[in-house]
Amino acid sequence: MIKKLIRKILGTKSKAERDTSAPVVLGPDAHGIDPRLLSNNAVRVTSTLQEAGYEAFVVGGAVRDLLLGVKPKDFDIATNATPEQVRKLFRRAFIIGKRFQIVHVMFGQDLLEVTTFRGTSSDNAPKDEHGRVLRDNTFGSQAEDAARRDFTINAMYYNPANQQVLDYHGGIADIRAKTLRIIGQPENRYREDPVRMLRVVRFAAKLKFEIEPHTGAPIKVMAPLINNVPAARIFDEMLKLLMSGHALACLQQLRAQGLHHGLLPLLDVVLEQPLGAKFVTLALDSTDARIHAGKTASPGFLFASLLWHQVLEKWEAYRASGEQTIPALHLAADDVLESQTEKLALQRKIGSDMRDIWAMQPRFERRVGKAPYKLLEHLRFRAGYDFLLLRCASGEIDAEIGEWWTAFYEGDEAEREQLITAASQPAGSAGAKRKRGPRRGGRNRSGKGGEGADSGGDAGGHGEHD
């Protein structure tokens, strides 16, 4: 049934593709890669393999980024050496993976992934009932390896020794045309590995490429196959998507393709509510800005932001049923984390950070006595404070609360005492002092919560990781 519907969408078969058994070879003048963008360790791995008599190339996203003039964050290496042969050449090398074995080569904290050329997928490879390949350690030629890669722009090989790029599937042309095109029959490729549908969304949003029509057509129909992928793989892909520097564009693309159902099913509800849409937009824009500035970003803060309105809805429901404010919030957080941990395989540390951020929110309303000082000492104060500022900026709560906490956070002891005294006075009373607006460029005099020393007005919730 699904196949018939997809064929109806795709229409007639496209023209025969070019011969992909031999690559187009481009020299440095043709491809324009700047060798200075290469990692020294990537060159070290390829040269070590080549000196041992093997073929070795920088491959995949690193080549794509080099062609775009961007310094890659990660360098993957492809070789005709088997995992065991690779492991023997390096002091710190470890074979990992069940679905397909790869080798992690370590140089200090730098990790490079080395894969053996993959062969044509065997019909006997273990698959689930939906056609997803479970294990496939078939090795092959470079041409076969290129055919096994997902997109044309990720199927090129760069040899640092002679500075040549080998292009089997027209990746150079697609990069220049800003087109994202899957290799092979889209329906089959998505069935083999449904995560490829999430990768389509991420690359299209990150690179600002157009999805080639045949590549995009089956996605809405085949989106339910995502539910058959192990939660840990989904979490890894979602994290890459959110940390891409184009998180909002990625989520909007996810929603447009119908891929968010089962992952973030309330995204429709959140983005159709003015306050929810503004809150998520502010959180993701802030994260994107940090990533573009080369700063770290907190996964806990991101997921806390994306799921906040689900927590808020349950929190209000528990309070309406008679629960007190704090217990009601904890119950709501438990419900949301329990359901999302199952769907997204949220790591315990991330879940703990999310719970801390949410649990602090009602505590910000207590601005008398010693309560503000105690909250300031909280290990995750800066993340909770930044989260509060997002709630204020989105219109969810009164902006005055955020202004008060900014003044308290940045103030000296005398100013803090004045703020607490003013907060203790009934509104409009003669003793109430006018609250000043936030200073620019926080002084961070408190000596508490040093994780927030990044800046006073950077409402991104990530300062604790800088």
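## Aromatic pairs

Two rings of Phe, Tyr or Trp count as a pair here if their centres lie within 6.5 Å, with planes under 30 degrees apart called stacked, over 60 edge-to-face and the rest tilted. By that yardstick this structure, which is a predicted model, holds 20 aromatic pairs. Take Phe381 and Tyr409 to start with: their centres sit 5.5 Å apart with 35° between the planes, and the pair is tilted. Phe381 belongs to helix α21 (residues 381-393) and Tyr409 to helix α22 (residues 399-410), so this pair ties together parts that are 28 residues apart in sequence. Both ends are tucked away: Phe381 is buried at a relative accessible area of 1%, and Tyr409 is buried at 2%.

Then there's Trp404 with Phe408. At 5.1 Å between ring centres and 10° between planes, this pair is stacked, because the angle falls under the 30 degrees cut-off. Trp404 and Phe408 sit 4 residues apart in helix α22, which puts about one helical turn between them. Trp404 is buried, and Phe408 is buried too.

Zoom out a little and these rings turn up in one group. Phe364, Tyr373, Phe381, Tyr385, Trp404, Trp405, Phe408 and Tyr409 form one aromatic cluster. So the cluster takes in the tilted partners Phe381 and Tyr409 as well as the stacked partners Trp404 and Phe408.

## Arginines over rings

Phe408 has a charged companion as well. Arg416 lies over the face of Phe408, at 5.2 Å from the ring centre. Another case of this kind involves sequence neighbours: Arg202 sits over the face of Phe203, with 4.8 Å to the ring centre.

## Arg416 and its salt bridge

Arg416 does a second job in the list of contacts, as a salt-bridge partner of Glu413, with 3.6 Å from N to O. Both residues lie in helix α23 (residues 413-424), 3 residues apart, or about one turn of the helix. Which of the two is buried, Arg416 or Glu413? Arg416 is buried, because its relative accessibility is 2%, under the 20% cut-off. Glu413, at 49%, counts as partly exposed because exposed would take over 50%.

Elsewhere, salt bridges that share partners join Arg118, Asp145 and Arg149 into one network.

## More salt bridges

How many salt bridges are there in total? The count comes to 19. Side chains of opposite charge can pair when their charged atoms come close. One of these pairs is Asp150 with Arg199, whose side chains meet at 2.7 Å, N to O. That bridge links distant parts of the chain: Asp150 is in the loop between α6 (142-148) and β7 (156-159), while Arg199 is in helix α9 (residues 195-207), 49 residues apart. Asp150 is buried, with a relative accessible area of 8%.

Asp174 and Arg181 make another salt bridge, with their closest N and O atoms 3.0 Å apart. Here the burial of the partners splits: Asp174 is buried at 6%, whereas Arg181 counts as partly exposed at 32%.

## The α21-α22 loop and the cysteines

Back beside the aromatic helices, Ile397 lies in the loop between α21 and α22. Why does Ile397 count as buried? Its relative accessible area is 19%, and buried means under 20%, so Ile397 falls on the buried side of the cut-off. Leaving aside residues up to four places away in sequence, Ile397 touches Leu388, Arg391 and Cys392.

Cys392, one of those contacts of Ile397, is itself buried at 11% relative accessibility. Cys250 is buried as well, at 0%. As for disulfides, the structure holds 0.

## Confidence

How far does the predictor back this model? The mean pLDDT of the protein chain is 84, and 82% of its residues reach 70 or more. Over residues 1-16 the pLDDT is below 50, and that stretch has 17 contacts in the model beyond near neighbours in sequence. Residues 430-460 also have pLDDT below 50, with 64 contacts beyond near neighbours in sequence.

Definitions and conventions: Residues numbered from 1 in each chain as written. Predicted model: local features only at pLDDT ≥ 70, side-chain atom pairs only at ≥ 80, totals over all residues. Heavy atoms only, no water. Disulfide = S-S within 2.5 Å. Buried < 20%, exposed > 50% of the residue type's maximum accessible area, 1.4 Å probe, protein only. Salt bridge = Lys/Arg side-chain N within 4 Å of Asp/Glu carboxyl O. Helix = DSSP H or I, 4+ residues; strand = E, 2+ residues; numbered from the N terminus. Phe/Tyr/Trp six-rings, centres within 6.5 Å; stacked < 30°, edge-to-face > 60°. Lys NZ or Arg CZ within 6 Å of the ring centre and 35° of its normal. Contact = heavy atoms within 4.5 Å. pLDDT = per-residue confidence, 0-100.
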